[in-house]
Amino acid sequence: MAATVFVLNGPNLNMLGLREPSIYGGKSLKEIGEDCVAAGGALGLSVDFRQTNHEGVLVDWIQEAASGAEGIVMNPGAYTHTSVAIHDAIRAAGRPVIEVHLSNIFAREAFRHHSYVSPVAAGVICGLGPKGYILALDALKHMIAKGG
Ligand code: CA2
């Protein structure tokens, strides 16, 4: 049976394709989700793609992954730079998390250079646009196959 992976997206990512294409590209989140489901299928993964603007909902979903998914690809949006709650939830979940950012956060404002997620992530991909999600799914598949 295909392993389930969650692809979780944080605040404002529902606006993709509508504003700031010079930073985040022209694809909508719906299109990125469709690409993830298709790429996941080719990798033998069942992709559950979600977005919320609420920090506590992301914490709920990370907790859900502890029993409902084999791993997580996550773009925490601006909560990357602020959320101890998401850091703690990932530590407790016992599931590999690949942190993804569309933009290169290190080439942007200083406040984006620190991530509370990176120290508890199995890997980090940034600056590669939507392709980063697909690369993360591929990496996660190999981690799951090796037992995390
Ligand atoms: O580069 C990324 O993927 C980010 O996680 C995106 C976040 C930002 O706070 C992080 O520093 C880096 C912001 C997502 C906001 O997306 C928008 C898209 C279109 C219009 C407005 C916001």
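Q: By class, what makes up the lining of the largest pocket?
A: You'll find eight nonpolar, six polar and four charged residues there. Here Ala, Val, Leu, Ile, Met, Phe, Trp, Tyr, Cys and Pro count as nonpolar, Asp, Glu, Lys and Arg as charged, and the others, Gly among them, as polar. Keep in mind that this is a predicted model, where local features need pLDDT of at least 70, side-chain atom pairs count only at pLDDT 80 or more, and totals for chains, interfaces and linings use all residues. Residues are numbered from 1 along each chain as its sequence is written, and side-chain values use heavy atoms, with hydrogens and water left out.

Q: How much space lies in the largest pocket, and which lining residues are closest to its centre?
A: The largest pocket holds about 370 Å³. Of its 18 lining residues, Pro11, Asn12, Leu13, Tyr24 and Arg112 are the closest to the centre.

Q: Which pocket does the ligand take up?
A: The ligand takes the space of the largest pocket.

Q: Which residues around the ligand come nearest?
A: Asn75, His81, Leu102, Ser103 and Arg112 do, out of 17 around the ligand. That shell splits into eight nonpolar, six polar and three charged residues.

Q: What makes the Ser103 pair a polar contact?
A: A polar side-chain atom of Ser103 is 2.6 Å from a ligand oxygen atom, and a polar contact is a pair of N or O atoms within 3.5 Å, so this pair counts. His81 also offers a polar side-chain atom, 2.7 Å from an oxygen atom of the ligand. With Ala78, a polar backbone atom lies 3.4 Å from a ligand oxygen.

Technical notes: A residue is near a molecule or strand if one of its heavy atoms lies within 4 Å of it. A polar contact is a pair of N or O atoms within 3.5 Å; within protein, one must be able to donate a hydrogen and the other to accept it, and residues adjacent in sequence count only if both atoms are side-chain atoms. On a 1 Å grid over the protein atoms alone, a cavity is a set of points where a 1.4 Å probe fits but cannot get out, and a pocket is an open set with protein on both sides within 12 Å along at least five of seven lines; lining residues have an atom within 4 Å of a point. A molecule sits in a cavity or pocket if more than half of its atoms lie within 2 Å of its grid points. Grid points are joined across faces, edges and corners, and a volume is the space filled by probe spheres set on the points.
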